[in-house]
Amino acid sequence: MTFDIVAGREAPLRLSKAILLYRGGGDAAFATVHEIGLRGKAPLILEGKALTPGAAVQLALDLAKNAKRGGFVPECLLYLDGDTMAWWVPPARRHIAFRTTELGAPERGEVVPHPGLVFKVDGRRRWHVWAVAGAARPSEASPLLQAPYFNVYGDGGICTGNVSLPDGTTAERIEAWNQAFFGSFFTHPNVQGKLVTYRGGAMKFWRDMLDGRHAEFPERVLVSTGRTLADVLAHRESSA
């Protein structure tokens, strides 16, 4: 019995060997490689031998030949590990829209200044955002500030509501995630404490922003989270 995998226009790939991976405490790992036999028509894993480091490296190289090739890394990409990705959005003027009568109409949107932002998303579509001060690309030591937006929780988690989320957590999907965020309607504050430090509170702040009272984003209103970029990328946030 054979198991064939067709890879593009190349000849079918046939089951050749099996690799068993063993893990113990800490980082202990051991692997064995096994020939494949048959019991009737069913494949059977035969007795194996240790997978040597050299053989493991060669296997990785062989697999890499068929892997998707990399490319230039965009400056906005801060972190990529498996299906977890973090990126930076520099401060700029962008459109923002609200759906709340407390800001003067059922729906209201304007182009206003925004602070620098750090987004993080993973394969389970857990989506977070924080603000950062200044216009320089954040480093691991950069302090994270509460993103000043409605629908964002105190831990940075984004309440997506009925927003259509993009697929994928790769660099080429960053702009799609940005559009999903800035193209949504913001409806109400989700934090328990202060969203911003502003006389009159968050509603007054965003009313003034929409009215054009601030030519630049006033970073003094941003609230500290007490965490750095390294903290959240190391998954040390309490509500990961």
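## Exercises on a pocket, a buried histidine and the overall fold

The second largest pocket of this protein has a volume of about 280 Å³. The model is predicted.

**Exercise 1.** Describe the lining of the second largest pocket by residue, by element and by class.

*Solution.*
1. Start with the residues: 15 of them line the second largest pocket, and T160, N162, V163, S184 and F185 lie nearest its centre.
2. Next, take the elements that give two or more residues to this lining: they are α2 (174-182) and β13 (185-186).
3. Finally, sort the lining by class, which gives eight nonpolar, six polar and one charged residues.

**Exercise 2.** Locate H214, decide whether H214 is buried or exposed, and list its contacts beyond four places in sequence.

*Solution.*
1. H214 sits in the loop that runs between α3 (201-210) and β14 (224-228).
2. The relative accessibility of H214 is 13%. Buried means under 20%, so H214 counts as buried.
3. With neighbours within four places in sequence set aside, H214 is in contact with P113, Y198, D208, M209 and R220. One of these, D208, belongs to the range of α3 (201-210).

**Exercise 3.** Summarise the protein in terms of its elements, burial, contacts and surface.

*Solution.*
1. The elements are four helices and 14 strands.
2. Of the 240 residues, 35% are buried.
3. Among contacts with a separation of 6 or more, 55% are between residues 24 or more positions apart.
4. The accessible surface is about 14400 Å², and carbon and sulfur atoms hold 55% of that surface.

Note on methods:
Residues numbered from 1 in each chain as written. Predicted model: local features only at pLDDT ≥ 70, side-chain atom pairs only at ≥ 80, totals over all residues. Heavy atoms only, no water. 1 Å grid on protein atoms, 1.4 Å probe; cavity = no way out; pocket = protein on both sides within 12 Å on 5 of 7 lines; lining within 4 Å. Points joined across faces, edges and corners; volume = space filled by probe spheres on them. Nonpolar A, V, L, I, M, F, W, Y, C, P; charged D, E, K, R; others polar. Buried < 20%, exposed > 50% of the residue type's maximum accessible area, 1.4 Å probe, protein only. Contact = heavy atoms within 4.5 Å. Areas by Shrake-Rupley, 256 points an atom, 1.4 Å probe, with all protein chains shown as cover.
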